[in-house]
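Here's a walk through a protein model for anyone meeting it for the first time. Have a look at it first, and then we'll go through it piece by piece.

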Amino acid sequence: MKKSIPWIIKYRPKRVEDVVNQEKAKELLIPWIKKWLSGNPPEKKGALLWGPPGVGKTSLVEAICNEYNLEKIELNASDFRRKKDIERIALVAATKRPLPPKKGRIVLLDEVDGLSPRGDEGAISAILELLEKARNPIIMTANDPWGQHLRPIRERVLMVEFKRIPKTKALPYLMKICESEGIYCEKQALAYIWEKNKGDLRACINDMQAIAEAYGKITLDLAKALVVERDRTLTPWEMLQHLFYAKYFWQAKKAVTSTDLDYDTLFLWIAENVPKQYGDDPEDLWRAMEALSRADVYYGRIKRRMNWSLLPYYFEMLGPGVALAKEKYHKRARWSYPEKITLLAKTKEQRRIREELATLLSLTQHVSKSYAKAEIIPLLKFIAQHNPQYFARLALGLRLTDEMIKFLAGKEYRTVIRIKEKLLKEMEEEAKIRAAREAKEYLERKALEVVEEEKVEKWEEKKEEKAEKVEKREKKERKREERRGGLTLLDFLNKKK
Ligand SMILES: Nc1ncnc2c1ncn2[C@@H]1O[C@H](COP(=O)(O)OP(=O)(O)OP(=O)(O)O)[C@@H](O)[C@H]1O
Ligand SMILES: [Mg+2]
């Protein structure tokens, strides 16, 4: 068999319905896109599609673009490392309308988890700016969106989780590809390939193509000989699943040691969700909390004394200690992202905005920052929430940023922004009319000045003409007098002599 185009490209989903097993993700993402298309953009300008590799994140975005006739502007992590690049490419793409016949545009920032916590802060702040200004949907993808450095992004976007593809959904899908290729394929072989790749469809399809191209068929023996197991890490949610439902010590330990989370964050994830998962049984909960507090003690010692030999005990308490604390079965609770991290980030953000606002007010209103904080900000808050119309004018006058408006107006934020934009438009119109009127007046004035100048010139010419005439007349008169003997009597007598 000759080498053909990669199957992952050939069989990439064309339509939304072709993307298998991501119904939940579609339920979140499609209404969000539709909002954009209806001309009434959602409050969150970005969406972050996250989940393990090869489960359809990029594919779903492409299918949406196909189906809704949208243009896709795609940037990879390496393209948007530098703040300048994002500003140059993405900002233009995100704020301008597309060329017909495309109905809209999606900006896809693929693999944002490729940004490094140090070194790429510029890129992250540029993405945040992009999210503020975007007039088109911004979609990001990541395998692991839980890095501390991505927190500000997480908080401003719609988080859409993608799950691994279970065997029941994956096998029929993979089988169809074999049928389309006309390749003999054993079902157990596909099951084995799926097992080794743990739900990563891209890896499954690549393995299938590799075997098929070498041997013209896919059998279990070939699969066993050729497919190697890939290392993989668990997402925090998968870690919780493995942890809370571990039956054996080693399973629980594997769960907590197979994530990319740092030790602090791992602790927060578990501590946040233990009360949720075990909350219906006080004894199980008590035992799990006991294990957590021991883990905390170990970790404290590790940090204080740099005694890393204690790390296995930390993992033992956090993993098996928590998992085996339960004596009864608990059904899956609604787990959540650690509150503490979100809360800290939120209040920090609020403090920063308040500080900037106080600085702005102190400069423009000539008051101290503490006066601005104590007197003006509460007043502005009150006005914003009770009279958005009036507040919008104030916001314009004070040149408040959208962020500050949001801080002050709270629930009324959108109303204020709407009024502000309307006012701005009106002001622009007024300015245009004023400029036109002023231009007209200027021209008229100029024309009048010319007329005046001409008049003055004519008048001066006439004056000169008159003076000349007078002079001529005088000369003539003098001559005539001379001729008439305009001499004095004395002259006359002298002549006679
Ligand atoms: N849910 C799915 N339905 C149909 N095909 C899929 C699905 N997931 C993956 N595939 C197949 O795998 C290939 C790779 O998928 P895709 O690029 O969408 O993965 P991804 O989730 O974006 O992964 P990564 O995180 O590595 O970017 C696709 O071209 C498609 O052939
Ligand atoms: Mg992708």
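**Starting from a loop**

Let's begin at Thr 233, which sits in the loop between helix 10 (220-226) and helix 11 (236-244). Bear in mind as we go that this is a predicted model. Is Thr 233 buried or exposed? Neither quite fits: it has 14 other C-beta atoms within 10 Å, so it counts as partly exposed. If you set aside the neighbours within four places in sequence, Thr 233 is in contact with Ser 258, Thr 259 and Asp 260.

From here we can hop a long way along the chain. Thr 233 and Pro 52 are 181 residues apart in sequence, yet their C-alpha atoms are 8.7 Å apart in space. Pro 52 belongs to the loop between strand 1 (46-50) and helix 3. It is buried, because 20 other C-beta atoms lie within 10 Å and 20 or more is what it takes to be called buried. Leaving out neighbours within four places in sequence, the contacts of Pro 52 are Asn 143, Arg 164, Gly 199, Asp 200 and Thr 235.

Next along the chain is Pro 53, also found in the loop between strand 1 and helix 3. Pro 53 has 17 C-beta neighbours inside 10 Å, so it counts as partly exposed. Not counting residues up to four places away in sequence, Pro 53 touches Asn 143, Asp 200 and Arg 202.

Now for the ligand. Which residues are closest to ligand 1? They are Pro 53, Gly 56, Lys 57, Thr 58 and Ser 59, out of 21 residues that surround it. Two elements, helix 3 (57-67) and helix 9 (201-215), give two or more residues each to this shell. Sorted by class, the shell around ligand 1 has ten nonpolar, eight polar and three charged residues. The UniProt record, an unreviewed entry, places a "binding site" feature at Gly 51, Pro 52, Pro 53, Gly 54, Val 55, Gly 56, Lys 57 and Thr 58.

A couple of backbone details turn up around those two helices. Most residues other than glycine have a negative phi. Asn 69, though, has a positive phi, near 60 degrees, and is placed in the loop between helix 3 and strand 2 (70-76). With 12 C-beta neighbours inside 10 Å, Asn 69 counts as exposed. Lys 198 also has a positive phi, near 45 degrees, and lies in the loop between helix 8 (187-197) and helix 9. Lys 198 is partly exposed, with 16 other C-beta atoms within 10 Å.

Further along is helix 19 (residues 402-409), where Met 404, Ile 405, Phe 407, Leu 408 and Ala 409 are buried. Just after helix 19 comes Gly 410, with a positive phi of about 55 degrees.

Time to zoom out. The protein has 21 helices and seven strands. It is divided into domain 1 (22-161) and domain 2 (236-337), whose C-alpha centres lie 33 Å apart. How many of the 497 residues count as buried? The share is 29%.

As for overall form, the protein has a radius of gyration of 40 Å, where a compact globule of 497 residues would come in near 23 Å. Along the principal axes, the C-alpha atoms fill a box of roughly 160 × 65 × 45 Å. Of the contacts with a separation of 6 or more, 74% come from residues 24 or more positions apart.

Key: Residues are numbered from 1 along each chain as its sequence is written. Chains are lettered from A and ligands numbered from 1 in the order in which they are written. This is a predicted model: local features need pLDDT of at least 70, side-chain atom pairs count only at pLDDT 80 or more; totals for chains, interfaces and linings use all residues. A residue is near a molecule or strand if its C-beta atom, placed from the backbone, lies within 6 Å of it. Helices (H or I, at least four residues) and strands (E, at least two) are DSSP runs, numbered from the N terminus. Ala, Val, Leu, Ile, Met, Phe, Trp, Tyr, Cys and Pro count as nonpolar, Asp, Glu, Lys and Arg as charged, and the others, Gly among them, as polar. UniProt positions are given in the numbering used here, feature names are shortened, and annotations may be inferred rather than shown by experiment. Two residues are in contact if their C-beta atoms, placed from the backbone, lie within 7 Å. Domain bounds come from an automatic or database domain assignment. The radius of gyration is taken over C-alpha atoms; the globule rule is 2.2 Å times the number of residues to the power 0.38.
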